[in-house]
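Biologist: Before I plan anything at the bench, I would like to go through this structure with you, one question at a time. Please give me the reasoning each time and finish on the value or name I asked for.

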Amino acid sequence: MSQLFTPARTRGLLRATAAAVALSSLLLTTGCGSSDEGGGDAKATAAAPTGFPVTIDNCGVRTTYDRPPSRVVTVHQHPAELMLALGLKDRMVGTAFPDSAVLPELRKDYEAIPELAEREPSFEKILDAGPELVYGGYGSAFAENEGRSRKAFADAGIDTYLNREYCGKKRVTMKDTYDEIRTIGTIFGVPDRADKLVADLEGRVGKAAGKVKGEPEVSVFVYDSGDKSAFTAGGKSLGTELIRLAGGENVFADLDDVFGDVSWEQVVERRPEVIAVYDYAGAGSVEEKKEFLLSQPALADVPAVRNQRFVVLPLTATLVGIRSAYAVDDLARGLHPASFR
């Protein structure tokens, strides 16, 4: 069983490594777009699009965009879905590393974009797609030991952007999701679309949270993976906020990290009423995870196990991306089903 559940440890280590990079605040610089009266190269003197140039500080890397990127490769699923939700399919020349089923409303567009690799593509494979920008979801998108460092791309004349969840070790909230969407909207010159998308997601969250307002909090244990110990979401994870918004409480909210290992004895002691199972490729199926939990004698008296109360969440729904708003609704329905009848 343990071999089925190793990818999460890698993901946790990658996030911890990426967290060492300081989180820089968003910096926007808007150019006037006027031409150079002294003449010169036509391209250099051409008026910039409205709102450009724009400068973005991202995980310690400052990039100035003279105009919206027109050729983009996304590495990991949540950046791809975010771009598609902003109507940027025509800018995407490659995707990589799908974690789970794509949102139904985005599936057709997603499948029309070339998939470069089932996991992170090589540096050379990405270069072959001819991108102007590479947008990574996890820190592993720019793994230096695999030749994909941000510097390597910069040296090749390619800009990079890393999901803000991996910019620094801090508590991740829904505000990070909304800020990420608005930043991508700024880079691609579609701020109105970004504002509209944020408003829609805020509405989804507000509607779900409103349904369970005043209900007693339900205790929740997040099971990502693991057999000898449990790999779970800690207090700094977006998952903890999603649970709170859905009318629950993460039993390991006191774990001072985004993800971490806890003992099964601790799980038993905290007696969660519901188990949120994270679903993603390469870590064992949901059925295998449930079977494992239900087969452990030590867990038999845990209320969530005894009553077989599970809520399944795609891993992509617990990350900084458009899925997190959907996750609040799914969680709320699982924690407080009577509120939705």
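Biologist: Where in the chain does Pro53 lie?

Modeller: Please keep in mind throughout that this is a predicted model. Pro53 belongs to a loop rather than to a helix or strand, and the elements on either side of that loop are helix α2, residues 42-45, and strand β1. The place of Pro53 is therefore the loop between α2 and β1.

Biologist: What kind of peptide bond joins Phe52 and Pro53?

Modeller: Most peptide bonds are trans, which is the background against which an omega value is read. For the bond between Phe52 and Pro53, omega is about 0 degrees. The bond that joins Phe52 and Pro53 is cis.

Biologist: How many disulfides does a search of the whole structure find, and which residues are joined?

Modeller: A disulfide is a covalent bond between the sulfur atoms of two cysteines. The search of the whole structure finds one, and its two sulfur atoms are 1.9 Å apart. The residues joined are Cys59 and Cys167.

Biologist: Which loops hold these two cysteines, and how many residues apart are they?

Modeller: The disulfide between Cys59 and Cys167 links distant parts of the chain. Cys59 sits in the loop between β1 and β2, whereas Cys167 sits in the loop between β7 and α7. Along the chain, the separation of the pair is 108 residues.

Biologist: Why is the disulfide of Cys59 and Cys167 called left-handed, and are the two cysteines buried or exposed?

Modeller: The handedness follows from the torsion about the S-S bond, which is about -80 degrees for Cys59 and Cys167, so the disulfide is left-handed. As for accessibility, Cys59 and Cys167 are both buried.

Biologist: Is His76 buried or exposed, and with which side chain does the side chain of His76 make a polar contact?

Modeller: His76 lies in the loop between β3 and α3, and His76 counts as buried because its relative accessibility is 1%. Its neighbours, leaving out residues up to four places away in sequence, include Phe97, Glu120, Gly137 and Tyr138. The His76 side chain also reaches the backbone nitrogen of Gly137 at 3.4 Å. The side chain with which the His76 side chain makes a polar contact, at 3.0 Å, is that of Glu120.

Biologist: What is the phi of Phe97?

Modeller: Most residues other than glycine have a negative phi. Phe97, in the loop between β4 and α4, counts as buried because its relative accessibility is 8%. Although Phe97 is not a glycine, its phi is positive, at about 60 degrees.

Biologist: Is Gln308 buried or exposed?

Modeller: Gln308 is a residue other than glycine with a positive phi, near 50 degrees, and its place is the loop between α12 and β13. The relative accessible area of Gln308 is 53%, so Gln308 is exposed.

Biologist: Which side chain does the side chain of Lys175 contact through polar atoms?

Modeller: Lys175 is in helix α7 and counts as exposed because its relative accessibility is 54%. The C-alpha atoms of Lys175 and Val320 are 9.2 Å apart, although the two residues are separated by 145 residues along the chain. The polar contact of the Lys175 side chain, at 2.6 Å, is with the side chain of Asp179.

Biologist: Which backbone oxygen lies 3.1 Å from a polar side-chain atom of Ser324?

Modeller: Ser324 is part of helix α13, residues 323-335, and it counts as buried because its relative accessibility is 0%. Leaving aside neighbours within four places in sequence, Ser324 is in contact with residues including Met174, Leu238 and Leu319. The backbone oxygen in question belongs to Gly321.

Biologist: What is the volume of the largest cavity?

Modeller: The structure holds one cavity of 30 Å³ or more. Among the residues that line the largest cavity are Glu165, Leu238, Tyr278 and Leu319, and the whole lining divides into five nonpolar, three polar and one charged. The volume of the largest cavity is about 30 Å³.

Notes:
Residues numbered from 1 in each chain as written. Predicted model: local features only at pLDDT ≥ 70, side-chain atom pairs only at ≥ 80, totals over all residues. Heavy atoms only, no water. Disulfide = S-S within 2.5 Å. Helix = DSSP H or I, 4+ residues; strand = E, 2+ residues; numbered from the N terminus. Buried < 20%, exposed > 50% of the residue type's maximum accessible area, 1.4 Å probe, protein only. 1 Å grid on protein atoms, 1.4 Å probe; cavity = no way out; pocket = protein on both sides within 12 Å on 5 of 7 lines; lining within 4 Å. Points joined across faces, edges and corners; volume = space filled by probe spheres on them. Nonpolar A, V, L, I, M, F, W, Y, C, P; charged D, E, K, R; others polar. Polar contact = N/O pair within 3.5 Å; in protein donor to acceptor, adjacent residues only side chain to side chain. Contact = heavy atoms within 4.5 Å.
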